[in-house]
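Colleague: I would like a close look at one part of this model. Please take the salt bridges and go through them slowly.

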Amino acid sequence: MGKIYVTVCICLMTIMDMMAQPDSPDNGLTLRQRYIAEIASCTGKGDLENLKPALAAGLDNGLTVNKVREVLIHAYAYCGFPRSLRALQTFIAVLDERKAQGIEDTMGRDASSVEDDRTRYDRGRDILAEISGIPADAPKAGYAEFAPVIERFLKEHLFADLFERDVLTYEERELATVSVIAALGESVEPMLRSHMGICRNLGMTEEQLERVLAIATTDPADCIVKDIFPKGNRLPDTPNFTGEAWLEMFVTKADSMDCTVGNVTFAPGVRNSWHSHPGGQILLCISGEGRYQEKGKPVQILHPGDVVKITPNVVHWHGAAPNSEFTHIAIGPQQSKGGTVWLDAVSDEEYDNR
């Protein structure tokens, strides 16, 4: 039990630190950048199970079908055709599922035609010089001297055929590249350093790169804290939950700390009723895929690592996605101001309105 309290204290200190920092979408990454990194790294690992929710979340947060597809195509240059093709097949399945649910995803524009009389080699050479900041006439790398044909393939195909496709910006392509390479592991670390240098030259910050590496190198299994925290007991049937949910309390009002901390797990499709907290609430999303909505605002998709900061008296609900169990740590500060105020049940229409 001592380990649980230590871990909870660490979580609380982390949240307090995050709340003190300036607002940023995700440690410097926009939501679109974050999901490009997640999609690319899952593709690089061949992790199709976690690729599916990443694809859906990317579409929900502003990525077009063509942008996502281009990330998966681009990935083949770094992790090979087999994983790229399996990722594309997974994306087709995700789009079919969403279409069946009545979700109309935005296709976005396709690549513009290339009108340039220079050879593909020259175009690729100049693109590489532009994005890397290294002059085109700089001495060639050892591999290029040893195997000139692969240097030609890189210039003509990778930096011309792929990088000229303007569905993705140069920065987005390098973001995807770093994510794939980092996911492949230490054996390709020199290439990772090189592409991180390109990212810096294109304007990405160290904070952004650190976040990309964290996304790409974290094993999803390591994020499933529900295997560390006990799931707890099934809550008795109540009108405040639409189905099965489990609760393990770590800090209660009886501890005289003016806050509560508990581990809550929702069965697939289960959510709680509209409610508010006089002292506010913080949710640390642990595993699965969840849903969260504040009154009058759209439904948000929640994934492991997301933090939801709910201000006092804001009416909201939260729960699991239709096909996924969902676990979060719920922190209730300022309990001296009063407990949860329960309101009406969340209708199916409200739950489905994304």
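Modeller: What follows describes the salt bridges and the residues that form them. The model is predicted, so local features need pLDDT of at least 70 and side-chain atom pairs count only at pLDDT 80 or more, while totals for chains, interfaces and linings use all residues. Residues are numbered from 1 along each chain as its sequence is written, and side-chain values use heavy atoms, with hydrogens and water left out.

Side chains of opposite charge can pair when their charged atoms come close. A salt bridge here is a side-chain nitrogen of Lys or Arg within 4 Å of a carboxyl oxygen of Asp or Glu. By this rule there are 28 salt bridges.

One of them joins R165 to E70, with 2.7 Å between the closest N and O atoms. R165 sits in the loop between α8 (148-162) and α9 (170-184) and E70 in helix α4 (residues 65-79), so the pair ties together parts 95 residues apart in sequence. Helices (H or I, at least four residues) are DSSP runs, numbered from the N terminus. E70 is buried at 2% relative accessibility, whereas R165 is partly exposed at 28%. Buried means under 20% relative accessible area, exposed over 50%, and partly exposed in between (1.4 Å probe, protein chains only).

R123 and E164 also form a salt bridge, at 2.6 Å from N to O. R123 belongs to helix α6 (residues 120-132) and E164 to the loop between α8 and α9, 41 residues apart. R123 is buried at 9%, and E164 is buried at 18%.

D126 and R118 pair at 2.4 Å between the closest N and O atoms. D126 is partly exposed at 27%, and R118 is partly exposed at 37%. D116, R118, D122, R125 and D126 are linked in a network of salt bridges.

Definitions and conventions
Helices (H or I, at least four residues) and strands (E, at least two) are DSSP runs, numbered from the N terminus.
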